[in-house]
Amino acid sequence: MKKSLIKTIIVGVILVTNVATVSAANIQERVRLGGRDRVETAIEVSKEFEKDNKVETVLLCSNRAWADAMAAAPLAAYKNAPILLLDAMKFDWRTKARLKEMKDLKHIIIVGGGGIISPSLEYKIQDLRYKVTRIGGKDRYETNRKIMEYIPKEKYGYRPKIVNGNDYNQALACAVDTIVYDSTGKNPLGDNEYVNPMFLVDSDYATNSTFEDISDKLSESRKFWESKGQDSYSVYLDKFFINRVKNNRGIEGINLLEKTLNGKVKPLSNGYGEKDPYKVNGIVNREIKDIIVGSNKNEVYNKEKSCVIVNGDTFADSLSVSALAAKKSIPIVFVNRDMRKAGYEDASEIEKVYKDTYKDVLKVYYVGGKEVCPDGRENILNGIDK
């Protein structure tokens, strides 16, 4: 890729680069949000939340539990609440300092049960004199249900997602479709904010009662949207579950599933069991884009015309970035240190997927330090760099 003369301004660990000429991807701005580790990276990501709104709520998640952090994305968007990270037993001084410097902060929500973030650590957080709430269950699935209950059901959007609780790729991809927008970039019913809920389901132990429980939680929002003439209300369900129902029950099983969920059920691609996370990331992101555009011809996709770039070999920096993607309605794109070694099985198809999905991107957020997410990796937006 031809190099352009650039002017770089570095403030702290945030890097913003403006270019006089644009690349093939038409990237006009680059922002780096990164630190020495996942804790510092989360701190830098959190500063983006204060640029256009007050931050009165913060979500504290374990720096090891990806499921809790990613499942919290809808709540993060609804509350304009960034995610900061904790060790199970230790209150990292950097996270503590960041909390104290948030001048509008009033409420801290601890996400996860006592086995993920210890009660003794919760007591230390309470000493800061903010309101402290814990949202946690015995496992990721119960924690997820309680997170969704924290969002008023009348604020649920019309594209709820039921995702595989063992597939972090799918959960990350869904973050872009959290806030419901129309073609003007606003919520379709005025200033009230509606968010599409996301439910995690265990791929090994899901039963009919699991879906009945989710259906009960969705019943109010489904009736609300249908009363407003939103006939495209659909429940997007991981295709793994749909295929399993087909195999076990045939078409009657699908009908039963739609009856149980009281609405149209549509498949959601996943990467569970796939060896190539980059290929899956591109395919799932394209599908989410098609879902948004296809469900309402007047709805906008990727409001900011930007994307988040993270290292696809590790979910460390993705722990905090799901909240940013949900807030800004922007996709998360996987890269690694050398895309030539990513191991694509069908390079031409993946190149087409990426070019089609990200052709309108003007701005990229590099999340993580240069060692894990090097400069120039936005080349993937135009396919595979060679």
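Tutor: Quick ground rule before we start: a polar contact is a pair of N or O atoms within 3.5 Å. Also, keep in mind that this is a predicted model.

Student: Okay, which residue has a side-chain oxygen reaching the backbone nitrogen of V39 at the start of α1?

Tutor: Look for an N and O pair inside that 3.5 Å cut-off. The backbone nitrogen of V39 has a side-chain oxygen within 3.2 Å of it, at the start of α1. That oxygen belongs to D37.

Student: How many residues of α1 are buried?

Tutor: Buried means under 20% relative accessible area. Charged or not, R38, E40 and E44 make that list, and so do V39 and I43, among others. The helix is mostly covered, and the count is nine of nine.

Student: How do α1 and α4 run relative to each other, roughly parallel or roughly antiparallel?

Tutor: The axes of α1 (residues 38-46) and α4 (residues 93-101) come within 9 Å and cross at roughly 15°. Angles under 35 degrees count as roughly parallel. So the pair is roughly parallel.

Student: And which residues of α4 make the contact?

Tutor: On the α1 side you've got V39, E40, I43 and S46. Counting both helices, the contact has two nonpolar, two polar and three charged residues. From α4 come R94, T95 and R98.

Student: Over to S329, with its positive phi near 55°: is S329 buried or exposed?

Tutor: Most residues other than glycine have a negative phi. S329 goes the other way, in the loop between α12 and β13. Its relative accessibility is 3%, so S329 counts as buried.

Methods. Residues numbered from 1 in each chain as written. Predicted model: local features only at pLDDT ≥ 70, side-chain atom pairs only at ≥ 80, totals over all residues. Heavy atoms only, no water. Axes fitted to C-alpha atoms, helices over the stretch in contact; angles between N-to-C directions. Helix = DSSP H or I, 4+ residues; strand = E, 2+ residues; numbered from the N terminus. Parallel < 35°, antiparallel > 145°, perpendicular 65-115°, else oblique. Contact = heavy atoms within 4.5 Å. Nonpolar A, V, L, I, M, F, W, Y, C, P; charged D, E, K, R; others polar. Buried < 20%, exposed > 50% of the residue type's maximum accessible area, 1.4 Å probe, protein only. Polar contact = N/O pair within 3.5 Å; in protein donor to acceptor, adjacent residues only side chain to side chain.
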